[in-house]
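Hi,

Here is the structure I promised to pass on. Have a look at it first, and then read my notes below.

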Amino acid sequence: MNILHVCANPKPVEQSVSKQLAARFFGKLLELNPDVELNNVDLYQDKPPYYSNDLFRRMWMPVFDPAYEPTKAEEAAANYVQKQVDELKKADVLVLTMPMWNFSAPGIMKAWMDQVLAPGMMFELTDAGPKPLHNITTVVLLVASGGIYKENDNRDALTRQVSAALGFIGITDVRIAWADGQNPLFFSDSEVRRDMAFEAAEEIAEELAEESLEK
Ligand SMILES: Cc1cc2nc3c(=O)[nH]c(=O)nc-3n(C[C@H](O)[C@H](O)[C@H](O)COP(=O)(O)O)c2cc1C
């Protein structure tokens, strides 16, 4: 199993519930299957640029115009995507670690997704719709939030948006460990909720380890 772990959280692990979820998840997974290959991308160390018109032209003009030749600036605008996609193409599992900010993924994670979910990179457009150009079968979301959210909560623009975007490129197996209710001022059971999410993260790790050893 080859995993790409993308983390969007500027906090150190001891202050971040989502990073602690990741530590528990990878701790269990590597204990059960030490052969897992793991690549880490810390988005705060390797920041994605905001989407630009040069990038738009470099990614989308080949779809519309077979004669398109990129300018030097358009070619350079794809440097970040190219590096990230090289890592994504090696992966069969993608793990995304992040907090909920304003009901959605942190802007830096959205910026990363805007970069990498590009035609000719992660998918190609065919008459039958988007066709995957990657080997990722499973996504694991490791999320923390201050508030509590029920399943399919209308306010949740994080797990639903990320799942929809990845569904577009053919990834429908999305497994989630979500430590919600992490604001102890509002929820006296925040520690219990955190521990339940740690257990959920370890269970997902167990499932994946089992599946990888079966292959
Ligand atoms: C800028 C910002 C926005 C936030 N927005 C929300 C929100 O919309 N909903 C929510 O439930 N919690 C929100 N929170 C609380 C965080 O999701 C919560 O503190 C969570 O534990 C952060 O994860 P971390 O501990 O891994 O950093 C917000 C926190 C910050 C700093």
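Leaving out anything within four places in sequence, G146 is in contact with Q182 and N183. This is a predicted model, by the way, so please read everything here in that light. G146 sits in the loop between β6 and α6, the helix of residues 159-168. Is G146 buried or exposed? Neither quite fits: G146 has 17 C-beta neighbours inside 10 Å, so it counts as partly exposed. If you want a distance to check on screen, the C-alpha atoms of G146 and A197 are separated by 13 Å, with their positions 51 residues apart along the chain.

G146 also turns up at the ligand. The ligand is surrounded by 16 residues, and the closest are S18, P99, A144, G146 and G147. What sort of residues make up that shell, by class? There are six nonpolar, eight polar and two charged ones. Helix α1, which covers residues 17-32, gives the most to the shell, with three residues.

Now to α1 and the core. L21 lies in helix α1, and it counts as buried because it has 26 C-beta neighbours inside 10 Å, where 20 or more is the cut-off. Setting aside residues up to four places away in sequence, L21 touches T97, L142, A144, A177, A179, A197, F198 and A201. One of these is also a ligand neighbour: A144 is among the residues closest to the ligand. The C-alpha atoms of L21 and A144 are 8.5 Å apart, although 123 residues separate the two along the chain.

The largest nonpolar core has 51 residues, and the members that touch the most others are L21, F25, L142 and A201. That goes with a broader trend: in soluble globular proteins, nonpolar side chains tend to be buried together. What does L142 touch, once residues up to four places away in sequence are left out? Its contacts are S18, L21, A22, F25, V95, T97, A177 and A201. Note S18 in that list, since S18 is one of the residues closest to the ligand.

Next, the strands. β1 (residues 2-7) and β2 (residues 37-42) pair in the parallel sense, over six bridges, and N2 stands opposite E37 in β2. To get from β1 to β2 the chain goes through α1, and this β-α-β crossover is right-handed. β1 also pairs with β3, again in the parallel sense, this time over five bridges; there, V6 has L96 as its bridge partner. β3 in turn pairs with β6 (residues 138-144) in the parallel sense over seven bridges, and in that pairing L96 is matched with L141.

How covered is β3? Seven of its seven residues are buried. V93, V95, T97 and P99 point one way from the strand, while L94, L96 and M98 point the other way. P99 is worth finding on your screen, as it is another of the residues closest to the ligand.

Helix α5, residues 107-116, is the next thing to look at. Its buried residues are M109, K110, W112, Q115 and V116. They pack against β1, α4 (79-90) and β3 (93-99).

Last, there are a couple of backbone oddities. Most residues other than glycine have a negative phi. N102 has a phi near 50°, a positive value in a residue that is not a glycine, and F103 has a positive phi of about 70° without being a glycine either. Where are they? N102 is in the loop between β3 and α5, and F103 lies in that loop too. N102 is exposed because it has 9 other C-beta atoms within 10 Å, whereas F103, with 15 C-beta neighbours inside 10 Å, counts as partly exposed. For another distance to try, N102 and P48 are 20 Å apart in space, C-alpha to C-alpha, and 54 residues apart in sequence.

Cheers

Note on methods:
Residues numbered from 1 in each chain as written. Predicted model: local features only at pLDDT ≥ 70, side-chain atom pairs only at ≥ 80, totals over all residues. Near = placed C-beta within 6 Å. Helix = DSSP H or I, 4+ residues; strand = E, 2+ residues; numbered from the N terminus. Nonpolar A, V, L, I, M, F, W, Y, C, P; charged D, E, K, R; others polar. Core = buried A, V, L, I, M, F, W, Y, C linked by C-beta atoms within 7 Å. Buried ≥ 20, exposed ≤ 12 C-beta atoms within 10 Å, placed from the backbone. Contact = placed C-beta atoms within 7 Å. Pairing = 2+ DSSP bridges. Right-handed = clockwise from strand over helix to strand, strands pointing away.
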